Each structure stands twice: as C-alpha cells, then as structure tokens.
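Here are my notes on the model, as numbered points. Please read them with the coordinates open.

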Amino acid sequence: MIEYVKGQLAVLTPASAVIETAGGVAYYLNISLPTYSTLEGRGDGRLYVHESIRDDAWVLYGFAEERERELFRSLIGVSGVGAATALIILSSLQGDELAAVISSGDVKRLKSIKGIGAKTAERIIVDLRDKIKGTSDTLFIQTPSHSEAFDEALAALHMLGFDKKQSEKALTALFKADPAIKVEVAIKKALSMM
C-alpha cells in the first residue's frame with residue numbers, strides 16, 4: 001500500500017496532480033480543492049494517498065493532510081457515497097467544517113452540495129456522527145458569533161457535567177436570538193432547554 005507520494009509537481013489542476021518521484025516515476029492523483037490550494041504555486045509536494053484498486057482501474061487519491069484522507073475514507077465507507085462524491089464533499093466543506101456539519105446533524109448544509117440528496121445526507125450523518133470528531137476549532141465553526149460570554153457559559157455548563165455538544169447547541173440558539181444575553185441568564189435558559 002502506498003502511504004504517500006513525494007516529489008516534483010509536474011502537473012497541477014484543481015482536480016488532479018501529477019507528482020514525479022526521484023526514481024522518475026510519475027503518479028496521477030485525484031485531489032480536492034483544499035489540496036489544490038495547498039499545492040498551488042509550489043514546485044514540489046507530498047500527498048497522502050488512498051488507493052482504489054478495482055478490476056478495471058487502479059485509481060489514486062491524494063491529500064495534503066492525513067486528516068483529509070481520514071475524512072475521505074470515512075465518507076466512502078457510507079453506502080451510496082463514492083470517491084467522486086467524497087471529493088466533492090471535501091471540496092465544498094473542508095476538514096473541521098465538515099466534522100461540525102456532521103456532528104450537528106446539519107442535513108440542509110450537506111444537501112446544498114451538488115449530488116447530495118436528502119437520503120444521502122441523512123445516511124452520512126447517521127453513519128459518521130459518532131466516528132468523526134472535530135478539533136478544538138470546531139467550536140468556532142459551529143458558533144461563528146461566539147463571544148466571551150458564550151465561552152463562559154459553555155465552560156460553566158461543562159463543569160456542571162452537561163454534554164458539550166448539547167450545551168453548544170442550546171447556547172448557540174440563545175446567543176443567536178439575543179447576542180447581548182448575560183452569562184447567568186444564558187446558563188439558566190440553557191439548563192431549561194436540555
């Protein structure tokens with residue numbers, strides 16, 4: 001199995017990259033837009049590889065980060081999601097943003113991606129909700145209007161033993177409705193919502 005390919009970028013397009021290795025072998029890899037953005041303007045690169053070996057083809061997919069490759073592998077593990085669809089999803093929603101959409105169950109956001117219908121979006125969320133975890137940056141993606149008061153209320157609820165995701169969801173709704181809400185009021189209202 002190929003772990004990664006490293007070498008000179010012979011060809012780079014938004015959908016593919018050709019990397020020539022030191023031995024003179026060139027590999028054609030299908031890539032996502034975030035990987036393209038990472039490689040653009042560089043003379044060489046290293047891509048983590050996912051191999052798809054079928055009876056009729058041997059196809060390579062390249063990713064600038066291991067995290068993106070893990071997300072790709074998780075997506076193609078969902079019934080009805082092929083490699084091309086997974087690349088479209090990763091090109092539309094990058095890493096932690098995708099993890100946030102899945103963990104929050106945002107079917108509407110997934111449906112907005114070309115080629116993803118309601119049933120496929122629901123299947124992705126059901127199959128991957130417990131498997132895909134965001135990083136600490138996920139909080140910032142889920143709550144773009146976060147504030148110091150939001151963070152304090154979230155920390156307080158977490159210290160009280162409430163689930164972080166449930167707390168985030170409740171607080172997001174409260175702070176969206178009233179961005180100037182006081183911490184104490186937000187905590188009390190969030191407790192009644194959970």
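1. Start with a charged pair. The side chains of Arg 54 and Asp 56 meet in a salt bridge, at 3.3 Å from N to O. Arg 54 is partly exposed, with a relative accessible area of 44%. Asp 56 is exposed, at 64%. Bear in mind that this is a predicted model. As a general point, side chains of opposite charge can pair when their charged atoms come close.

2. Overall frame. The protein chain has 194 residues, and 40% of them count as buried. Its secondary structure comes to 10 helices and 5 strands. Along the principal axes, the C-alpha atoms fill a box of roughly 65 × 35 × 25 Å. The structure holds 5 salt bridges. Arg 54 with Asp 56 is one of the pairs that meet in this way.

3. A salt bridge inside a helix. Arg 69 and Glu 66 meet through their side chains at 3.8 Å, N to O. Why are Arg 69 and Glu 66 separated by about one helical turn? Because they are 3 residues apart in helix H2, which covers residues 66-76. Their cover should be read separately. Arg 69 is buried, with a relative accessible area of 5%. Glu 66 is partly exposed, at 39%. The pair also belongs to a wider set: Glu 3, Glu 66 and Arg 69 are linked in a network of salt bridges.

4. A salt bridge between helices. The side chains of Arg 67 and Asp 96 meet at 3.4 Å, N to O. This pair links distant parts of the chain, with Arg 67 in helix H2 and Asp 96 in helix H4 (residues 95-104). The two residues are 29 apart. Arg 67 counts as partly exposed, at 22% relative accessibility. Buried means under 20%, so Arg 67 falls outside that class. Asp 96 is buried, with a relative accessible area of 17%.

5. Strand S1 and its partners. S1 (residues 4-12) runs antiparallel to strand S4 (residues 44-53), and 5 bridges join them. Val 5 has Leu 47 as its bridge partner in S4. Lys 6 stands opposite Arg 46, also in S4. S1 is joined to strand S2 (residues 16-20) as well, antiparallel and by 4 bridges. There, Gln 8 has Glu 20 as its bridge partner. A hairpin of 3 residues connects S1 to S2.

6. Strand S4, other side of the story. S4 pairs with strand S5 (residues 58-63) in the antiparallel sense, over 6 bridges. Tyr 48 finds its bridge partner in Phe 63 of S5. The hairpin that joins S4 to S5 has 4 residues. Is S4 mostly covered or mostly open? It is mostly covered, with 7 of its 10 residues buried.

7. Glu 51 deserves a look. It lies in strand S4. It is buried, with a relative accessible area of 14%. Where does Glu 3 sit relative to Glu 51? The two are 48 residues apart in sequence, yet 9.2 Å apart in space, C-alpha to C-alpha. Glu 3 is also part of the salt-bridge network with Glu 66 and Arg 69.

8. Negative patch. Glu 148, Asp 151, Glu 152 and Glu 184 gather on the surface in a patch of negative charge. Which element gives the largest share of the negative patch? Helix H8 (residues 148-159) does, with 3 residues. Asp 151 is found in H8. Its relative accessible area is 32%, which makes it partly exposed. Patch members need over 30%, so Asp 151 passes that cut-off.

9. Nonpolar patch. Leu 160, Phe 162, Leu 191, Met 193 and Met 194 make a nonpolar surface patch of about 420 Å². Leu 160 has its place in the loop between H8 and helix H9 (164-177). At 54% relative accessibility, Leu 160 counts as exposed.

Terms used. Residues are numbered from 1 along each chain as its sequence is written. This is a predicted model: local features need pLDDT of at least 70, side-chain atom pairs count only at pLDDT 80 or more; totals for chains, interfaces and linings use all residues. Side-chain values use heavy atoms; hydrogens and water are left out. Patches are made of residues with over 30% relative accessible area and no salt bridge: like charges are joined within 9 Å, nonpolar side chains (Val, Leu, Ile, Met, Phe, Trp, Tyr) within 5 Å. Accessible areas come from the Shrake-Rupley method with a 1.4 Å probe; for residues, only the protein chains shown count as cover. A salt bridge is a side-chain nitrogen of Lys or Arg within 4 Å of a carboxyl oxygen of Asp or Glu. Lys and Arg count as positive and Asp and Glu as negative; His and the chain ends are not counted. The place of a charge is taken as NZ of Lys, CZ of Arg, CG of Asp or CD of Glu. Buried means under 20% relative accessible area, exposed over 50%, partly exposed in between (1.4 Å probe, protein chains only). Two strands pair if DSSP finds at least two bridges between them.
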